[in-house]
Amino acid sequence: MAKRADMRAAALDTLVDIERNKKLSHIAIGETLMRYQFAQKTDRAFYTRLCEGVTEQKIYLDYILDHFSKTPVKKCKPVIRCLLRMGAYQILFMETRDAAACSEAVNLAKKRGFGRLSGFVNGVLRSLVRGKDQLPLPDKEKDYPQYLSVRYSVPLWLTRRIISWYGEETTEKILASFLEARPLTIRTNLSQICPEVLKKDLEAEGVKVMEGNYLSYAFSLSGINSLNRLSSFRNGAFAVQDESSQLVVEVADIRENDRILDVCAAPGGKTFHAADLLRGTGEVIARDLTEYKTELIEENKERMHAENVRIEQWDARKEDPALLGKMDKVFADLPCSGLGIMGRKNDIKYQISEEQLHDLVLLQREILSVVWRYVKPGGEFLFSTCTINREENEENVRWIAENTPLIPISIEEKLPDVLKKRTGEKGYLQLIPGVDHCDGFFISKFRRPEEEKWK
């Protein structure tokens, strides 16, 4: 059985792997949790919190550590850099005893062949312990963007960009929300079970269940060690899906016997939601670019009892003549910057760049120029992203309206009452983390005219 010290060592391995190899944190953490799947729940939770916490607070931790260290953290060797961040996170954010955080960091430094630097690690962390009641931060009045960047561990360029979209007050709400604990949100598989029965079944399995914020079939769960240990999950009674994503399908107004195409479907949240609403009729074609992504969808198909889903590997930039003008609904939840889900994927903010934001818009428009053509006359097109970037959202709505025959239509009528007035004159919805009780998400809807003058 793993011990707490083993989990610290595992956390160090994970963080160094992320630092050196640029591996996505959720993948690196998931791989380790699989190896320690039989460890105590408390030890697994300790490991997860330490890895996720260090990742999401990296900018803040480095700023604080630089105040107590003569050598900037970024100039330290990767193992030492990660050890300092681990120790600092435990001292500042966890219930770990300060002495234990320091001594375990020193022990790990020695075990990894850095005995000569163990005194440096010890000195920096003990200085932090002595000074943790008066920690430095950039001057909020003199440089508010710099203050927000450090306080909430978001790169300065990105902080400034979000301010340009939403203003300083809303930006602070957005950034603060990314550091809050994110609930595990699920969608009831209505063709298999009703929400009331699912709630009772989950509670019987020891899960704490909270009602959704917007939809009657959505719940937030806590008190889970492993989803696969829940019979209701294994039996396909629910799918993990944020309410923001559920709202895309909710406003699509799906009807029995509809033919639906999900052009960038992985991991399949909207695909299986749409299939559920079809009640076994019609068809959902779920496509994505790579075998890895289509396998993610395949993994859920049998569990969700979705016989009316067809999964295909397809490059959305390539036109498929067989589907032109044939689909009642087309979902285009396109590859995006993911800035609306930074609270769930802690390293998005470190990996995205200004150049990538621009390139993503070009990719989205390349895909959009093809996939709108699959909508039949009178059919509907749902464009959505999990970002808060206006260039990827509102500007793409304008691009679609100017470069295709599709007509923007309001989604207000299909939204929950609390969100109805948020669509404004344009009829689309931007969900904002820290303002709305869900991930940051953009939802828009278009109709293809029955008759059109378009080449």
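**Figure 1. Close-up of Lys414 and its salt bridge with Asp253 in the predicted model.** Lys414 is partly exposed, its relative accessible area being 32%, and its side chain meets that of Asp253 in a salt bridge with an N to O distance of 3.5 Å. Because Lys414 belongs to the loop between β10 (407-409) and β11, whereas Asp253 belongs to the loop between α12 and β5 (259-262), the pair ties together parts that are 161 residues apart in sequence. Asp253 is likewise classed as partly exposed, with a relative accessible area of 22%.

**Figure 2. Close-up of the salt bridge between Asp439 and Arg182.** The side chains of these two residues meet with an N to O distance of 3.2 Å. The pair links distant parts of the chain, 257 residues apart, with Asp439 in the loop between β11 (429-431) and β12 (441-447) and Arg182 in the loop between α9 (156-177) and β1 (184-188). Asp439 is buried, with a relative accessible area of 4%, whereas Arg182, at 25% relative accessibility, counts as partly exposed.

**Figure 3. Close-up of the salt bridge between Lys199 and Glu203 within helix α10.** The closest N and O atoms of Lys199 and Glu203 are 2.8 Å apart, and both residues lie in helix α10 (residues 195-204), where a spacing of four residues corresponds to about one turn of the helix. Lys199 counts as partly exposed at 21% relative accessibility, and Glu203 counts as partly exposed at 38%.

**Figure 4. Close-up of a network of salt bridges that includes Arg287.** Arg259, Glu283, Arg287, Arg310, Glu312 and Asp320 are linked in this network, and the count of salt bridges in the model comes to 31. Arg287 also takes part in the lining of the largest cavity, which is the topic of the next view.

**Figure 5. Close-up of the largest cavity, which encloses about 40 Å³ of space.** Two cavities of 30 Å³ or more are found when the whole structure is searched. The lining of the largest cavity is formed by Leu261, Val263, Arg287, Trp314, Ala316, Val371 and Tyr374, and by class it comprises six nonpolar residues, no polar residues and one charged residue.

**Figure 6. Close-up of the second largest cavity, with a volume of about 30 Å³.** The residues that line the second largest cavity are Glu56, Phe178, Leu179, Met342, Gly343, Asn346 and Lys349. By class, this lining divides into three nonpolar, two polar and two charged residues.

**Figure 7. Close-up of the second largest pocket, which holds about 550 Å³ of space.** The lining of the second largest pocket consists of 21 residues, and those that lie nearest its centre are Glu19, Lys58, Asp62, Arg85 and Tyr350. Two or more lining residues come from each of the elements α1 (4-21), α3 (41-56), α4 (58-68), α5 (78-93), α8 (144-151) and α15 (348-351), and among the contributors α4 gives the most, with five residues. By class, the lining of the second largest pocket divides into nine nonpolar, three polar and nine charged residues.

**Figure 8. Close-up of Cys336 and Cys386, two cysteines without a disulfide between them.** The count of disulfides in the model comes to zero. Cys336 is in no disulfide, and the nearest cysteine sulfur, that of Cys386, is 3.5 Å away; because a disulfide requires sulfur atoms within 2.5 Å, this distance of 3.5 Å between Cys386 and Cys336 is too far for a bond. Both side chains belong to buried residues, Cys336 having a relative accessible area of 19% and Cys386 one of 16%, where the class of buried applies under 20%.

**Figure 9. Close-up of Gln246 and its surroundings in helix α12.** Gln246 has its place in helix α12 (residues 243-250), and with a relative accessible area of 0% Gln246 is buried. When its neighbours within four places in sequence are left aside, Gln246 is in contact with Thr185, Ile186, Arg187, Leu215, Tyr217, Ala218, Gln241 and His273.

Terms used. Residues are numbered from 1 along each chain as its sequence is written. This is a predicted model: local features need pLDDT of at least 70, side-chain atom pairs count only at pLDDT 80 or more; totals for chains, interfaces and linings use all residues. Side-chain values use heavy atoms; hydrogens and water are left out. Buried means under 20% relative accessible area, exposed over 50%, partly exposed in between (1.4 Å probe, protein chains only). Contact means heavy atoms within 4.5 Å. On a 1 Å grid over the protein atoms alone, a cavity is a set of points where a 1.4 Å probe fits but cannot get out, and a pocket is an open set with protein on both sides within 12 Å along at least five of seven lines; lining residues have an atom within 4 Å of a point. Grid points are joined across faces, edges and corners, and a volume is the space filled by probe spheres set on the points. Ala, Val, Leu, Ile, Met, Phe, Trp, Tyr, Cys and Pro count as nonpolar, Asp, Glu, Lys and Arg as charged, and the others, Gly among them, as polar. A salt bridge is a side-chain nitrogen of Lys or Arg within 4 Å of a carboxyl oxygen of Asp or Glu.
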